[in-house]
Amino acid sequence: MIERCCAELFKGGFRPHQCHKIGRLEHMGRFYCTLHHPPSIAARRALRDKKWQEKYAKAREEFKREALAEKLLAKYSTEELEAAKGVELIL
Ligand SMILES: [Zn+2]
């Protein structure tokens, strides 16, 4: 017997609707489609979180570098920086 996915979906309105897809994956005695299978959802979420954490780690590192560079350059005047060899200021 083919079972439908047991996920309840809310598409507006007040009552949930049962997913119309065929339940192919079993989890804790209930069948789910590949989209609503809880372990699959957790795996997709973990992958997405990892990607965002990497992105935010890069952004944090870049922000730290900018803040540090700003602190290091604060003790020099603009003239000193312009006179320094290899330093270009874009104003
Ligand atoms: Zn489903």
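## Where the domains meet

How many residues of domain 1 are in contact with residues of domain 2? Five of them, and they touch four residues on the domain 2 side. By type, the domain 1 side of that meeting place has three nonpolar residues and two polar ones, with no charged residue in the mix. Keep in mind while reading on that this is a predicted model.

As for the bounds, the domain assignment puts domain 1 at residues 1-34 and domain 2 at 37-83. Measure from one C-alpha centre to the other and you get 40 Å between the two domains.

## Overall build

Walk along the chain from the N terminus and the elements come up as β-β-β-β-α-α. That makes four strands and two helices in total.

If you were expecting a globule, the numbers say otherwise. The radius of gyration is 27 Å, whereas a compact globule of 91 residues would come in near 12 Å. The C-alpha trace covers about 80 × 30 × 15 Å along its principal axes.

Burial and contacts add to the picture. Just 5% of the 91 residues count as buried. Take the contacts between residues at least 6 apart in sequence: 19% of these join residues at least 24 apart.

## Helix 1

Helix 1 takes in residues 38-73, which is 36 residues. From its first C-alpha to its last it reaches 52 Å, close to the 52 Å you'd expect at 1.5 Å a residue. These residues sit inside the stretch assigned to domain 2, 37-83.

How many of the 36 residues in helix 1 are buried? The count is zero, so to speak of cover here is to say that helix 1 has hardly any.

## A look at H17

Over in domain 1, which runs over residues 1-34, H17 belongs to strand 2, a short entry in the list at residues 17-18. Is H17 buried or exposed? H17 counts as exposed, because it has 12 C-beta neighbours inside 10 Å and the cut-off for exposed is 12 or fewer.

H17 still has partners from elsewhere in the sequence. Setting aside neighbours within four places, H17 is in contact with L9 and K11. C6 is another residue to check against H17: the two are 11 residues apart in sequence, and their C-alpha atoms are 9.6 Å apart in space.

Notes:
Residues are numbered from 1 along each chain as its sequence is written. This is a predicted model: local features need pLDDT of at least 70, side-chain atom pairs count only at pLDDT 80 or more; totals for chains, interfaces and linings use all residues. A residue is buried if 20 or more other C-beta atoms lie within 10 Å of its own, exposed if 12 or fewer, and partly exposed in between; C-beta atoms are placed from the backbone. Two residues are in contact if their C-beta atoms, placed from the backbone, lie within 7 Å. Domain bounds come from an automatic or database domain assignment. Ala, Val, Leu, Ile, Met, Phe, Trp, Tyr, Cys and Pro count as nonpolar, Asp, Glu, Lys and Arg as charged, and the others, Gly among them, as polar. The radius of gyration is taken over C-alpha atoms; the globule rule is 2.2 Å times the number of residues to the power 0.38. The expected span of a helix is 1.5 Å times one less than its number of residues.
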